[in-house]
Amino acid sequence: MKMFDRGGLPAELYDGLSAFVAEEGGRRPRVLAWGQGPDAVAVGLADRLVVGPEPWRAVPWHEIQRGGWDFDTRTLRWRTVSDPATEEKLALENPGQLPELFRERVEQTIVLQRTVELTGSKTVIVSARRSLAPGASGVIWSVSPGRGTNLRDPALAEAAEAELAHIRADWAF
């Protein structure tokens, strides 16, 4: 193992992270930044945020709809494209460079992001994101509800899909 791959992450944590990444079919991880909390560690890799170690779990950067570092509470928080109603939070006593990496990596995935009004004050966010995984190509399109918008409402869901189709037709990704 090369020392720079660990990015200062303690060897026992790096070994567990490496085993987790290998189980997912990945190569030896290169740690770009990491932060330590009272209950967990968060590790920024090129293509994803990994939280662990009990158990390890990963969130690809392109799946993070929004989030960031709250300096006052020393908490990293995020919402995913697949579950925008749930906010994940992780207290980090020693965040290191992870807040900056988090912002940079999430922003780097965004190709297009547009808030679209459906009816009245109901909105959706249409996004085209790119994966930062090695060898990934193309974009991943998604529609996420804005505040107070419930996409389980068939009329809103239909309008959101129509907006997505319209925007996709305008952009040749």
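Is Glu24 buried, exposed or partly exposed, and what is its relative accessible area? Glu24 is partly exposed, and its relative accessible area is 45%. The close-ups below come from a predicted model, and we start with the partners of this residue.

**View 1. Arg48 and Glu24 meet through their side chains in a salt bridge.** The N to O distance here is 2.5 Å. This pair links distant parts of the chain, with the two positions 24 residues apart in numbering terms: they are 24 residues apart. Arg48 sits in strand S3 (residues 48-52), while Glu24 belongs to the loop between helix H2 (11-23) and strand S1 (33-36). The two ends of the bridge also have their own surroundings: Arg48 is buried, at a relative accessible area of 13%, whereas Glu24 is partly exposed at 45%.

**View 2. A network of salt bridges links Glu24, Asp47 and Arg48.** Besides the contact with Glu24, Arg48 forms a salt bridge with Asp47. In the Asp47 pair, the closest N and O atoms are 3.2 Å apart. Asp47 counts as buried because its relative accessibility is 17%, and the cut-off for buried is under 20%. For context, the structure holds 5 salt bridges.

**View 3. Strand S3 is mostly covered.** Take a walk along this strand and you will find that 5 of its 5 residues are buried. Which residues point which way from S3? Arg48, Val50 and Gly52 point one way, and Leu49 and Val51 point the other way. Arg48, already met in the salt-bridge network, is therefore one of the buried residues here, with a relative accessible area of 13%.

**View 4. Strands S2 and S3 run antiparallel.** Strand S2 covers residues 41-44, and 4 bridges join it to S3. To find your place in this pairing, look for Ala42, which stands opposite Val51 in S3. The two strands form a hairpin, with 3 residues between them.

**View 5. S3 also pairs with S4 in the antiparallel sense.** How many bridges does this pairing run over? S3 and S4 pair over 4 bridges. A handy landmark is Val50, which stands opposite Ala58 in S4. Here too there is a hairpin, and 4 residues lie between S3 and S4.

**View 6. Glu88 and Arg57 meet in a salt bridge between their side chains.** The N to O distance is 3.1 Å. Glu88 lies in strand S7 (residues 87-91) and Arg57 in strand S4 (residues 57-60), so this pair ties together parts that are 31 residues apart in sequence. Glu88 is partly exposed, with a relative accessible area of 27%. Arg57 is partly exposed as well, with a value of 34%.

**View 7. Ser127 has its place in strand S9.** This strand spans residues 122-129. Is Ser127 buried or exposed? Ser127 is buried, because its relative accessible area is 3% and buried means under 20%. Leaving aside residues up to four places away in sequence, Ser127 touches Leu112, Gln113, Ile140, Trp141 and Ser142.

Conventions: Residues are numbered from 1 along each chain as its sequence is written. This is a predicted model: local features need pLDDT of at least 70, side-chain atom pairs count only at pLDDT 80 or more; totals for chains, interfaces and linings use all residues. Side-chain values use heavy atoms; hydrogens and water are left out. Buried means under 20% relative accessible area, exposed over 50%, partly exposed in between (1.4 Å probe, protein chains only). Contact means heavy atoms within 4.5 Å. A salt bridge is a side-chain nitrogen of Lys or Arg within 4 Å of a carboxyl oxygen of Asp or Glu. Two strands pair if DSSP finds at least two bridges between them.
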